[in-house]
Amino acid sequence: MVCQLRQTCLFLWRSSSIKHYGKLITDRTILSDEVIKFRSKGIVRKDGKWRCYQCDTAEPKHFYEYFSKVLGQTIVYCRNCISLGRMDNIRDIYVTESRQQSSGGKYNLSFELSEQQLFASTKIVNAIQGYRSLILYAVTGAGKTEMTFEGIKFARQRGDNIAIVSPRVDVVLEVSSRMKEAFQEEYIDILYQGQRQMYNGHFIIATIHQLYRFKRHFDVIIVDEVDAFPLSMDPSLMHAITAASKKRYSHVYMTATPPRKLLRQMPDDTLVTLPARFHRHALPLPKFKYYKIQPYKIQYMLLNIFMHQIQSKRYTLVFFNHIQLMKQMYAHYKKKIASLTYVHSEDSLRFEKIRNLRHGKYHIIFTTTILERGFTMANLDVIVMHSHTFDSSALIQIAGRVGRKAQSPSGLVLFFHEGITLNMLKARRNIRKMNDLARYKGWIDD
Ligand SMILES: [Zn+2]
């Protein structure tokens, strides 16, 4: 067969020659020299309960049972992890042995790490060296990704299998583009939704869901945005992290808003607080303004703010908690503002809009919390509508969009509310506390 496209050619060659180490697979014909550790049905009955080998659930509500006339038997399958391939009581699954392969772990970084980044980098290397776990409580814009480079290099040179995971696809995309640029000689598998494995799974960047495919394979797992939906909602995803890890492992959790439950689970000395941004400027503090939104008309005070933002050549993300309210307001303001758009998670043009936004096509962007994390752009301000309906983590993340770039380290964070809530106060107090700590440490200059 002649391949027209190099990409396709590479893919066909890769997918036929890659190794599936430390994985749960259903088709053993894809294996070559991998050793099968054990074989079983996808789900098994244990102590009177069904248990799924892929996602390890034993919740009765996750299993669906029906009678197949064709096979003349009852079939039970797991609904919890069906998106990764069906696990049932009739087909075999195979779990392969994990294998290691060291590499150079070489990376390029065009700038020097800040004092705080160096401090964090050393902590990460030490934790990985000793197979210990850490929580990096790092403010938005601390430069977390770069802090991990030395640790990754050490792990890859030792031959560790490493996974960098996040609950969110957009974070996976953002992190993987930076990792690929830095670690150009490494074979990195990027796994999410329909993306297939291209290499041998020694270094992967993936959504946490994808970890269900691996069993006892990783020595090091770095979890980015550990508090993000749906991880905080779904304890079984935390379980996936453990099940994909070897017996001896190092987990590095990174977050700007650590969930209380995680803090409680981890010993105090595993928490590393990183209060400074890499560019040594303070985090912008939110301003509160009482304002009643009227979605059925144009409110000139708001329009004036938007116009002023455009004239000042600022990009403005306007956050909403309700898609309906956002669309209603969009319909009115679009008549006055040509460079206005809106975006939400079910929007089929979502990725295109975000791309256009990065290229400066829009000045005002109405958005739901999908742009709350992982989005970085210069000259950006944020406004929150009905800030009294948001929780403190969301407000901290939203405020954290502003001033991330060294060339525009400050900006506007404005919360419109109909009554100040504890969550709003908590968010502002937290930001102020981090700035104070950063000043005390001498890690910021203003
Ligand atoms: Zn399952």
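**Helix packing, core and loop residues in the predicted model**

Over residues 302–446 the chain is 40% helix and 16% strand, and the C-alpha atoms at the two ends of this segment are 31 Å apart. The model is a predicted one. In UniProt, an unreviewed entry lists residues 302–446 as "domain: Helicase C-terminal".

The nonpolar interior was examined next. In soluble globular proteins, nonpolar side chains tend to be buried together. The largest nonpolar core in the model comprises 106 residues, and those with the most contacts inside it are L136, A163, L211, I221 and V384. For L136, when neighbours within four places in sequence are left aside, the residues in contact are A120, K144, V252, Y253, M254, V272 and L274. One of these, A120, belongs to helix α2, which spans residues 115–129.

Helix α2 packs against helix α4 (residues 149–158) at an angle of about 25°, with the two axes 8 Å apart. Because this angle falls under 35 degrees, α2 is roughly parallel to α4. The crossing of α2 past α4 is right-handed. On the α2 side, the contact is made by S121, I124, V125, I128 and Q129, while α4 contributes E150, G151, F154 and A155.

A second helix pair is formed by α11 (residues 392–399) and α12 (residues 422–441), which pack at an angle of about 45° with their axes 8 Å apart. The two helices are therefore oblique to each other. Here too, the crossing, in which α11 passes α12, is right-handed. The contact involves S392, L395, I396 and A399 of α11, together with N423, M424, K426, A427, N430 and I431 of α12.

Within this pair, S392 was considered individually. S392 is found in α11, and it counts as partly exposed because 18 C-beta neighbours lie inside 10 Å. Beyond residues up to four places away in sequence, S392 touches N423, K426, A427 and N430, each of which is listed among the α12 residues that make the contact with α11. The C-alpha atom of S392 is also separated by 8.8 Å from that of T257, although these two residues are 135 residues apart along the chain.

A contrasting separation is provided by Y296 and H239. These residues are 57 residues apart along the chain, and their C-alpha atoms are separated by 46 Å. Y296 lies in the loop between β15 (287–290) and α8 (300–311). With 8 other C-beta atoms within 10 Å, Y296 is exposed, since a residue is classed in this way at 12 or fewer.

Backbone geometry was also considered. Most residues other than glycine have a negative phi. Two loop residues in the model depart from this pattern, D47 and R280. Phi of D47 is near 50°, and the residue is found in the loop between β3 (43–46) and β4 (49–52). D47 is exposed, as 6 other C-beta atoms lie within 10 Å. R280 has a positive phi of about 65° although it is not a glycine. This residue lies in the loop between β14 (271–274) and β15. R280 counts as partly exposed because it has 17 C-beta neighbours inside 10 Å, whereas D47 is exposed.

How values were computed: Residues are numbered from 1 along each chain as its sequence is written. This is a predicted model: local features need pLDDT of at least 70, side-chain atom pairs count only at pLDDT 80 or more; totals for chains, interfaces and linings use all residues. UniProt positions are given in the numbering used here, feature names are shortened, and annotations may be inferred rather than shown by experiment. Helices (H or I, at least four residues) and strands (E, at least two) are DSSP runs, numbered from the N terminus. A nonpolar core is a set of buried Ala, Val, Leu, Ile, Met, Phe, Trp, Tyr and Cys residues joined through C-beta atoms within 7 Å. A residue is buried if 20 or more other C-beta atoms lie within 10 Å of its own, exposed if 12 or fewer, and partly exposed in between; C-beta atoms are placed from the backbone. Two residues are in contact if their C-beta atoms, placed from the backbone, lie within 7 Å. Axes are lines fitted to C-alpha atoms, for helices over the stretch in contact, and angles run from 0 to 180 degrees between N-to-C directions. Angles under 35 degrees count as roughly parallel, over 145 as roughly antiparallel, 65 to 115 as roughly perpendicular and the rest as oblique. A crossing is left-handed if the near helix is turned anticlockwise from the far one by less than a right angle, and right-handed if clockwise.
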